[in-house]
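Let's look at the empty space closed off inside this protein. How many cavities are there, and what lines them?

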Amino acid sequence: MYKLIIEGGKSLKGEVKISGAKNSALPIMAATLLTDAPCVIRNVPKLRDTQTMVKLLQSLGKTVEARNNVIKIFSNGPLKDTAGYDLVSTMRGSFCVLGPLVAKLRRAKVSLPGGCVIGVRPVDLHLKGLKALNVKIEIENGYVFAKAKNLRGAQIYLGGVFGSSVLATANIMMAAVMAQGKTIIESAACEPEIEDLANFLIKMGAKIKGQGTPRITITGVKKLHGADHRIIPDRIEAGTFILLAVATRSDIIIKGACSSHLLALIDTLQGAGVKFNCTDDVIRVKTKRSIAPVSITTYPYPGFPTDLQAQFMALMALTPGISVVTDKVYPDRFIHIAELNRMGANIRREGINGIIQGVKRIYGAPVMASDLRASAALVIAGLAAKGKTEIHRIYHLERGYENLEKKLTLLGAKITRKRE
Ligand code: EPU
């Protein structure tokens, strides 16, 4: 295991290039199960999670060739129907092979993913949607057994207690593209990653309308062909760099990012006094010496993303005054509070709220990464803190940030990795 050592308190300068979106790449890679023809996917970030998806596709019978950030996925033999516990339990994104497998093979056996440190994370909406498409679902020994003679299009309401679901929308969309007739998904997730998946499926020959809105209409087709696609930029990585720039009072140029995917964050920070200069694919952040505390509530897209909640909290922790961070998507995603407090922050959890009494200065300390975005929050805090921060269990970061240390070093950060 490795730890990260950060000497904080320096402001950064320069340009950073944003990688492809992890949460687009995962379902798009899964969608290649819908065809035997070769698919080429570009701008795939090299991450632990995309490597897990490669292993999963290989275990299902696909051949995967990866070169730099381009992967080619094709079939050399029949597809297998079982996605095992070993891989699915390490990454919830794996569960989105269920929809394409059942659409292609009319049967699938996929391990239930279970919860994780950010919450219970049920899959009821995935199963409800598939049942509506005439798929028989049984759960035995921790596996979902899905069978269908014919998938039939249907009108499906996919809203849950916490709003829409990203991967349930992906799973149902991937099953419905090869169902008989028309499917309408109501209360569909509107995330750019869902739009990206729909655009990939359309290139494969699927008939989809309304992607990016809460109503997606799909007309089933018999067969899909191969496609060549470039993954959109990772809005969460870009958002993390924006927050990092503000927290360290740095002048950073973020390249290859899409500012229109980050309006909730940009608007919130403008309210705090941060200035932005955005062009087609460049975001420049200019921060004044002091900013105002602002409160946020996370919602499904286009609301403030839960995947930036922890990083935003790190910024507010060192913004004097009171702010409140409320997570309505993952009400238990607050493990980072204890670690930020070890660095001198003053944050109190009350139900789904983090009440932050911002302080002038936080101090380096040994801290523990608990999940991907909590780790990013600790990196931000470590860069802004006075003194040395050691972040343990950094394998979480490798799940979602491509070359993070390299990118930060190029911006002038003092960051090193050491074996524990
Ligand atoms: N939910 C249900 N039932 C379901 C599915 C979800 O109640 O069947 C609930 C969840 O428990 C949660 C809410 O609905 O309270 C939203 O969850 P969603 O299904 O949208 O999450 P997901 O699709 O499993 C994706 C991302 C997450 C991101 C969420 C929310 C991928 C691979 N994962 O997860 O990304 O937090 O959407 O935007 O796309 C991350 O990248 O760090 C990460 C956790």
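The largest cavity in this predicted model has a volume of about 40 Å³. With a floor of 30 Å³ or more, the count comes to two cavities, and the second largest has a volume of about 30 Å³.

Here's how the two linings break down by residue class:

| Cavity | Volume | Nonpolar | Polar | Charged |
|---|---|---|---|---|
| Largest | about 40 Å³ | two residues | one residue | four residues |
| Second largest | about 30 Å³ | six residues | one residue | no residues |

Start with the largest cavity. Its lining is made up of A21, K22, N23, E193, D234, I236 and R373. Four of these lining residues are charged, with two nonpolar and one polar making up the rest. Where does the largest cavity lie relative to domain 1 and domain 2? It sits between them, because domain 1 (2–19 + 233–419) and domain 2 (22–230) both give residues to the lining.

Now for the second largest cavity. T240, L244, A376, V379, I380, Y401 and L404 line this one. Two elements, α8 (235–247) and α12 (372–384), each give two or more residues to that lining. Which element gives the largest share of the lining of the second largest cavity? That's α12, with three residues. As for chemistry, the lining of the second largest cavity has six nonpolar residues and one polar, with no charged ones.

So much for the individual cavities; side by side, the charged residues stand at four in the lining of the largest cavity and at none in that of the second largest.

Note on methods
Residues numbered from 1 in each chain as written. Predicted model: local features only at pLDDT ≥ 70, side-chain atom pairs only at ≥ 80, totals over all residues. Heavy atoms only, no water. 1 Å grid on protein atoms, 1.4 Å probe; cavity = no way out; pocket = protein on both sides within 12 Å on 5 of 7 lines; lining within 4 Å. Points joined across faces, edges and corners; volume = space filled by probe spheres on them. Nonpolar A, V, L, I, M, F, W, Y, C, P; charged D, E, K, R; others polar. Domains from an automatic or database assignment. Helix = DSSP H or I, 4+ residues; strand = E, 2+ residues; numbered from the N terminus.
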